[in-house]
Amino acid sequence: MAEERFSRARFIRLGAALGVGAAGASVLASCSDGGGEGPSDVRGGGSTEADENSGGPTADATGDEIIFAAGLLLPVSAPPVRDGALLVRNGRIAAVGPISEVERDNSGVEVRYFPRHTIIPGAVNTHAHLGFRRGDAPRGGSFSGWVKELVSRLPEKESWTPEAARGSAREAVESGTTFITDSSPFGECLPQLVESGLAGIVFAEFFPFMFDTPEEAVNAIENAVFALRERLPSRVLVEMSVHAPYTVDPESSRLAATRTRERGERLAIHLSESPEEVEFVRKGTGGGLESIFEAFGMRADWGGVGVSPVQYAESVGLLGPATIAAHLATGVSEEDMEILVRTGVAAAHCPRSNEYLGCGVSPVPEMLDRGIRVGMGTDGLWSSPSMNLFEETLFAIELHGLDGETGLKLATLYGAQALGVEKETGSLESGKWADCAVVEVAPGEAGESPEMQVLEAAASGGVAATVVGGELLYDKLAEGAS
Ligand SMILES: [Zn+2]
């Protein structure tokens, strides 16, 4: 690695307060050594944004084909198909249609048939933190109280973060997720995301208070990101995250945003999440966030600029079409939404986390009406009850009074559009990766919305199989039998 300005010793020393130093450094070490838990599952034909201009690896030479078929298939981007099937070739969808036709045109190809089931696109989780676990979450009710407890437990957390990340990813797989985004300090959960077999993006967060200058902070996270990108599987990306308006100063935010924009990369942020954040940006006080600034020895003296977090974020250059803003739950005004439209920002909606932390309700129907791209996110297990994105989506449907069709799109295609990966995943169309979930429900002929029935089943443990790039990552029947 060529990033000595990153100063690993300094990261470890300062990271002790944060509880992420050693773990972050070990991620870097395993990547720079080209060993450790390095990616083992490089699928063929990768054409993610990261490598589409590089010629990319050639397609899998085995030419594997399989047909997945079910009583109902919901492509999301096209009308439902009764007794539908999809042909998978080299991990990608080669045909979608009635079973009779797909079988007729591809005789001799193995068929995996799920008669009383529905095949849907896999869930696309646009905002998650893999490194938290169930069962001992900090108390909810107030965002600042929750963050304060979280910070106090960071030293203890370090020992179990990898195990938590593994568990979170597995839970996502078993509930039908095929593409996940993780946000973790310096990308520390990348090894577990890779290990899970999921496609996805790790957004590496950085905290400038660990460094002397914005330049040093941004160089450090850039170099960490560059190192993590070495030897990635073709469907896993590493990008940068400017954590939040109250943890990253304006100069570091602007510099990080400029550099990522110049390279055409994505940028993740937490934005307009809590009443405390709104107060900090507007007035300079944080209604409880001060205790966190003290714990980290941060000056955090840049608040009090008299505008909303969205307006502030625009003023420091954080907003653009490649930005995905998580939450947007507190105090998002009409004016803010106009900014979101104008700048082309996408939103990651995490309603269960927002409720748990007393952060209000994101104006999702209004954002959808204005054409703002919105996807669903579970957040992590310390602020949310599960990694099941369909359960998250059902909660959003009830919260906002949405219909099942919109809900299924939010959980799949809209999420892919929010992240800019809609050419690769998010619906069942020829050419896209074969990313799908098989759900234990066979919706009836008339009346009820099949999308709603499928979402309800998938939200409550009814996923029978999860397929990522044509590969069965989860097969309930097989696991039950073994
Ligand atoms: Zn988050």
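# Chatting through the sheet and its helices

Guide: To set the scene, the chain has 20 helices and 15 strands, and what we have here is a predicted model.

Visitor: How confident is the predictor, on average over the chain?

Guide: The average pLDDT is 88, and 86% of the residues reach at least 70. The start of the chain is another matter: over residues 1-62 the pLDDT stays under 50. For that stretch the model has 113 contacts beyond four places in sequence.

Visitor: What share of the chain is buried?

Guide: Buried residues account for 55% of the 482. As for contacts between residues at least 6 apart in sequence, 73% of them link residues at least 24 apart.

Visitor: OK, on to the sheet. What's the strand order, and is the pairing parallel or antiparallel?

Guide: Eight strands make an open sheet, ordered E5-E6-E7-E8-E9-E10-E11-E12, and the pairing is parallel. The edges are taken by E5 (123-128) and E12 (374-376); each has a single partner strand, so one side of each has no neighbour in the sheet. On average, neighbouring strands here are turned by 25° against each other, ignoring direction.

Visitor: Give me one strand pair from it. How many bridges join E7 and E8?

Guide: Seven bridges, with E7 being residues 199-206 and E8 residues 236-242, running parallel. For a landmark, look at Ile 201, whose bridge partner in E8 is Leu 237.

Visitor: And which strands does H8 touch?

Guide: H8 (residues 214-228) packs on the sheet and touches E7 and E8, with its direction at about 155° to that of E7. H16 (residues 389-400) also packs on the sheet, touching E5, E6 (177-185), E11 (346-349) and E12. The direction of H16 makes about 125° with that of E12.

Visitor: What about helix on helix? At what angle do H8 and H9 pack?

Guide: About 40°, with the axes of H8 and H9 (residues 250-262) 9 Å apart. That angle makes H8 and H9 oblique to each other, and their crossing is right-handed. On the H8 side the contact uses Pro 214, Glu 215, Ala 217, Val 218 and Glu 222; H9 brings Glu 251, Ser 252, Leu 255, Ala 256 and Arg 259.

Visitor: Back to H16. How does it cross H17?

Guide: At roughly 140°, and the axes of H16 and H17 (residues 404-411) come within 9 Å. Those two helices are oblique as well, because the roughly antiparallel label is kept for angles over 145 degrees. The crossing of H16 and H17 is right-handed. Leu 389, Phe 390, Thr 393, Ala 396 and Ile 397 of H16 meet Gly 407, Leu 410 and Ala 411 of H17.

Visitor: Switching topic: how many residues of H10 are buried?

Guide: Seven of the nine residues in H10 (residues 275-283), so this helix is largely enclosed by the rest of the structure. The buried ones are Pro 275, Glu 276, Glu 277, Val 278, Glu 279, Phe 280 and Val 281.

Visitor: Three glutamates in that list, noted. Which helices do the buried residues pack against?

Guide: H4 (143-152) and H12 (309-315). Just after H10 comes Gly 284, with a positive phi of about 95°.

Visitor: Fine for a glycine. Which residues other than glycine have a positive phi?

Guide: Asn 90 is one of them, at about 50°, and Phe 186 is another, near 55°. For context, most residues other than glycine have a negative phi.

Visitor: Where do Asn 90 and Phe 186 sit?

Guide: Asn 90 is in the loop between E2 (81-89) and E3 (92-98), while Phe 186 is in the loop between E6 and H7 (190-196).

Visitor: Is Asn 90 buried or exposed? And Phe 186, buried or exposed?

Guide: Asn 90 counts as buried because it has 20 C-beta neighbours inside 10 Å, and the cut-off for buried is 20 or more. Phe 186 has 29 inside that distance, so Phe 186 counts as buried too.

Visitor: Last one: what does E4 pair with?

Guide: E4 (residues 111-121) pairs with E1 (residues 65-73) in the parallel sense, over six bridges. One bridge there links Ile 67 to Val 111. E4 also pairs with E13 (residues 436-439), in the antiparallel sense over four bridges, and there Ile 120 has Ala 437 as its bridge partner.

Conventions:
Residues numbered from 1 in each chain as written. Predicted model: local features only at pLDDT ≥ 70, side-chain atom pairs only at ≥ 80, totals over all residues. Pairing = 2+ DSSP bridges. Buried ≥ 20, exposed ≤ 12 C-beta atoms within 10 Å, placed from the backbone. Contact = placed C-beta atoms within 7 Å. pLDDT = per-residue confidence, 0-100. Axes fitted to C-alpha atoms, helices over the stretch in contact; angles between N-to-C directions. Parallel < 35°, antiparallel > 145°, perpendicular 65-115°, else oblique. Left-handed = near helix turned anticlockwise from the far one by under 90°.
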